[in-house]
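Trainee: Before we rely on any label in this model, I would like to go through the reasoning behind a few of them.

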Amino acid sequence: MKLTQKILIASLLTPIALTAQQPADTTKPVPPPPAATVSIPVDFSGVIYANFQYRGEAGAAKSTNKFDVERAYLTFRMPAGDRASIRITADVFQQATPPNDVFYRGWVIRAKYAYLQYDYLKSASGWNGLVRGGLLHNVVIDHVESFWPRWISQSPVERAGFFSSSDAGIATQLTFPNKFGELYASIVNGPGYTSRETDRFKDYSARLSLTPFSGSTNSIIKTFALTGWTYVGAVGSQFTAGGPGQVGTVGSSLPRTRAGIFAGVRDPRLSVGAEWDTRKDGRENGLNTVLSPRVEFDSTGRLIAGFMTAKPFALLNPQATFPLGVVARWDRFKPNTDTPGYINTVIAGLTWDLNKKTALSLDYQEQTPHSGAIAAATKTYFLHLVANF
């Protein structure tokens, strides 16, 4: 290598060598590491029930009509550690309960469901178990609503006032292998999610649902479910605290028991359900005084109901996508089997699916009391809307 080349290479490498020998500059602050972000997955969903209704019965209510947002449910689900999760469902409804509606007659929000769920059993064989605590599903209403479209009307048991669809307490659910059914049991306060606890008594319930044909190749028959349920509750006496002139306090409870059986199939093309339910309620007469002694008596009620929703074109051709459907239902509720009075409910109409999550229903609903039963006689035409999101 020539001398001139060596001099040139040395002149290029010398600054690099000098730079490498310089000590590190410790006067500049080291930037802190980026803060760790914590992401909590939240599953948000909801549903809106809205309608236009027109009253057709004779009397002062004839031709009464209104647009109504009956319900909007906003549901949040999120994990709460290993095998645990939380569900909170906000119920948006119009305040129509006296005397609260005197103060405000608009739409308000309250909790419908608010519970912690822990999955204590997850097995490869198909057995699954969970426990819940908080505002949770009552024994059977949610189950029946998986067969009947709640956005058209409440299920028969809830409409007849057997109990609320949600209550505060604890519950457990055991799911059987091969989709053979489930067992659900709960202990709740009793008054339902629209009221605080009012006495020291609790209500106990259990439901057994079996799907014996779950292995069938027929998509409708495989959904057949047979359900039995029971509800044993109690309410406190109105004379628990005593009062002026009373002969004493009453610490015992009054019975509040219900039971029923349900059978049905559910498929996008056809859903059919039938049920028989009974209820027993204890009541009090008198003022609990010497001149008007307290008298306890029981009354037994009975409910029979059947319903159907169908997509006739899909039943004729499973590949058909024409969105027209039909809906029909009949309830007969006898508040007291010792008296002749009973109440009939009839629902009939057409449904139209706007898409997979939104539908309309044009339906007629009639409630008719017979043989002295105390209930309002109503005839209402509805245009219902449901939108899931």
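Mentor: We will take salt bridges, burial, the nonpolar core and one strand residue in turn.

Mentor: The model is predicted, so local features need pLDDT of at least 70 and side-chain atom pairs count only at pLDDT 80 or more, while totals for chains, interfaces and linings use all residues. Residues are numbered from 1 along each chain as its sequence is written, and side-chain values use heavy atoms, with hydrogens and water left out.

Trainee: Why is the pair Glu57 and Arg55 called a salt bridge?

Mentor: A salt bridge requires a side-chain nitrogen of Lys or Arg within 4 Å of a carboxyl oxygen of Asp or Glu. The closest N and O atoms of Glu57 and Arg55 are 2.4 Å apart, and therefore the pair meets the definition. The search of the whole structure finds 17 salt bridges, including Arg269 with Asp267 at 3.2 Å and Glu296 with Arg294 at 3.3 Å. Glu70, Glu145 and Arg150 are linked in a network of such bridges.

Trainee: What makes Glu57 buried or exposed?

Mentor: Buried means under 20% relative accessible area, exposed over 50%, and partly exposed in between, with a 1.4 Å probe and protein chains only. Glu57 has a relative accessible area of 8% and is therefore buried, whereas its partner Arg55, at 23%, is partly exposed.

Trainee: How are the partners in the other two pairs classed, and on what values?

Mentor: Arg269 is buried at 18%, and Asp267 is likewise buried at 15%. Glu296, at 38% relative accessibility, counts as partly exposed, as does Arg294 at 24%.

Trainee: What makes a set of residues a nonpolar core?

Mentor: Such a core is a set of buried Ala, Val, Leu, Ile, Met, Phe, Trp, Tyr and Cys residues joined through side-chain atoms within 4.5 Å. The largest one has 34 residues, of which Val157, Phe162, Phe163 and Trp229 touch the most other members. Strand β9 gives the most to this core, with 3 residues.

Trainee: How do you know that Arg71 belongs to a strand, and why is Arg71 called buried?

Mentor: Strands are DSSP runs of E with at least two residues, numbered from the N terminus, and Arg71 is found in β2, residues 65–79. The relative accessible area of Arg71 is 15%, so this residue is buried.

Trainee: Which residues does Arg71 contact beyond its neighbours within four places in sequence?

Mentor: Contact means heavy atoms within 4.5 Å, and among those partners of Arg71 are Val47, Asp91, Arg150 and Tyr193.

How values were computed: Helices (H or I, at least four residues) and strands (E, at least two) are DSSP runs, numbered from the N terminus.
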